[in-house]
Number of protein chains: 2
Amino acid sequence: MDAYREYIEAQAKIFKALGHPTRLLMVDALRTGEKCVCELQTIAGADMSTVSKHLSILREAGVVSSEKRGTNIYYSISLCCLDSFLACSSAMLQSRILQQYSMIQSNQKD
Amino acid sequence: MDAYREYIEAQAKIFKALGHPTRLLMVDALRTGEKCVCELQTIAGADMSTVSKHLSILREAGVVSSEKRGTNIYYSISLCCLDSFLACSSAMLQSRILQQYSMIQSNQKD
DNA sequence: TCTTTATTTGGCAAATAAGCCAAATAAAGA
DNA sequence: TCTTTATTTGGCTTATTTGCCAAATAAAGA
């Protein structure tokens with residue numbers, strides 16, 4: 001049962017890494033292809049050191065990987081199922097909004 | 001662009017809810033079917049109030065939903081794609097372990 | 001109505017995470 | 001070699017989260 005605990009913790013680490021707006025924003029941007037830290041800084045709109053720390057959290061969780069090329073370090077997505085993750089959670093959010101909307105409708109509150 | 005920010009934040013909230021060992025453990029247990037809070041307490045091995053607070057985080061993120069029946073409140077999974085989430089992240093963890101293992105092998109460190 | 005049982009809430013202390021500045025590193029170019 | 005540029009690390013403060021206790025709630029049963 002201890003192996004199970006470790007496994008749960010590793011899995012939680014992945015979700016936790018994705019569970020921060022700035023990190024998710026950067027990961028979402030990486031879906032169109034790799035980007036260097038400076039590009040990600042512009043996208044995130046945060047201090048370079050903050051961005052760097054967020055990226056290392058994502059890297060340690062296995063969500064992204066980095067490669068140095070020339071002067072820059074390029075980050076890209078390494079969690080293969082990320083697209084389906086995001087598609088799924090996005091569908092869920094959308095259906096929730098529709099549900100709320102229909103509740104408002106049936107209550108005639110608008 | 002502000003709607004996008006909101007959207008990212010809502011999505012991050014889902015991941016954040018799953019990003020805690022105790023919460024993920026409970027969610028994983030719920031995959032076999034609904035459970036009352038007291039059952040989840042036994043599984044989590046934490047104080048009842050702690051469990052209750054974790055459950056409300058999961059509920060607010062839309063991961064689980066609750067229904068009162070008789071004396072108890074039963075929680076069940078409402079995030080439809082949870083199974084594929086977990087299957088995917090688990091496959092990813094497994095491949096990472098295999099990768100590390102083959103690295104150890106090729107370095108003859110064991 | 002009074003208890004009991006199941007669950008949530010309030011409040012607080014301890015642990016953890018975030019974000020910024022300054023300093024370190026590392027590699028490329030002059 | 002000395003600068004410059006890109007990125008990471010250390011350190012510190014502030015904000016957030018966690019987890020427990022005690023108290024509140026709510027509904028069922030005696």
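Which residues are the closest to DNA strand D? In this predicted model, they are A:Ser52, A:Lys53, A:Tyr75, B:Lys16 and B:His54. The close-ups below start there and then move on to DNA strand C, the contact between the chains and the sheet of chain A.

**View 1. The protein surface around DNA strand D is built from 21 residues.** Both chains pitch in, with A:Ser52 and B:His54 among the closest residues. Of the DNA strand D atoms that come within 4 Å of the protein, 62% belong to sugar and phosphate. Sorted by class, the surface has 7 nonpolar, 8 polar and 6 charged residues.

**View 2. Helices and a strand supply the surface near DNA strand D.** From chain A, look for helix 3 (37–44), helix 4 (48–61) and strand 3 (72–77), each giving at least two residues. Chain B adds its own helix 4 (48–61) to that list. Helix 4 of chain B in fact makes the largest contribution, with 5 residues.

**View 3. Zooming in on DNA strand D, A:Ser52 and A:Ile73 meet phosphate oxygens, while B:Ser49 meets a base.** An N or O atom in the side chain of A:Ser52 sits 2.8 Å from a phosphate oxygen. A:Ile73 uses a backbone N or O atom instead, at 3.1 Å from a phosphate oxygen. For B:Ser49, the partner is a base nitrogen, 2.8 Å from an N or O atom of the side chain.

**View 4. Over at DNA strand C, 21 residues surround the DNA.** The closest are A:Lys16, A:His54, B:Ser52, B:Lys53 and B:Tyr75. Sugar and phosphate make up 62% of the DNA strand C atoms that come within 4 Å of the protein. The class tally for this surface reads 7 nonpolar, 8 polar and 6 charged.

**View 5. Three chain B residues reach the backbone of DNA strand C.** A backbone N or O atom of B:Val37 is 3.3 Å from a phosphate oxygen. The side chain of B:Asn72 places an N or O atom 3.2 Å from a sugar or linking oxygen. B:Tyr75 also uses its side chain, with an N or O atom 2.8 Å from a phosphate oxygen. Helix 3 (37–44), helix 4 and strand 3 (72–77) of chain B each give two or more residues to the surface here, as does helix 4 of chain A. Helix 4 of chain A gives the most, 5 residues.

**View 6. Helix 2 of chain A packs against helix 1 of chain B.** The axes of helix 2 (residues 21–30) and helix 1 (residues 2–18) are 9 Å apart and meet at an angle of about 110 degrees, so the two helices are roughly perpendicular. On the chain A side, the contact includes A:Pro21, A:Leu24 and A:Leu25. The chain B residues they meet include B:Tyr4, B:Ile8 and B:Phe15. By class, the contact has 7 nonpolar, 2 polar and 3 charged residues.

**View 7. Chain A has an open, antiparallel sheet of 3 strands in the order 1-3-2.** Strand 1 (35–36) and strand 2 (64–69) each have a single partner strand, so one side of each is left without a neighbour in the sheet. Strand 1 pairs with strand 3 over 2 bridges, and A:Lys35 stands opposite A:Tyr75. Helix 2 of chain A lies across strand 1, strand 2 and strand 3, at about 90 degrees to strand 3. Helix 4 of chain A lies across strand 2 and strand 3, at about 115 degrees to strand 2.

Technical notes. Residues are numbered from 1 along each chain as its sequence is written. Chains are lettered from A and ligands numbered from 1 in the order in which they are written. This is a predicted model: local features need pLDDT of at least 70, side-chain atom pairs count only at pLDDT 80 or more; totals for chains, interfaces and linings use all residues. Side-chain values use heavy atoms; hydrogens and water are left out. A residue is near a molecule or strand if one of its heavy atoms lies within 4 Å of it. A polar contact is a pair of N or O atoms within 3.5 Å; within protein, one must be able to donate a hydrogen and the other to accept it, and residues adjacent in sequence count only if both atoms are side-chain atoms. Helices (H or I, at least four residues) and strands (E, at least two) are DSSP runs, numbered from the N terminus. Ala, Val, Leu, Ile, Met, Phe, Trp, Tyr, Cys and Pro count as nonpolar, Asp, Glu, Lys and Arg as charged, and the others, Gly among them, as polar. Axes are lines fitted to C-alpha atoms, for helices over the stretch in contact, and angles run from 0 to 180 degrees between N-to-C directions. Angles under 35 degrees count as roughly parallel, over 145 as roughly antiparallel, 65 to 115 as roughly perpendicular and the rest as oblique. Contact means heavy atoms within 4.5 Å. Two strands pair if DSSP finds at least two bridges between them.
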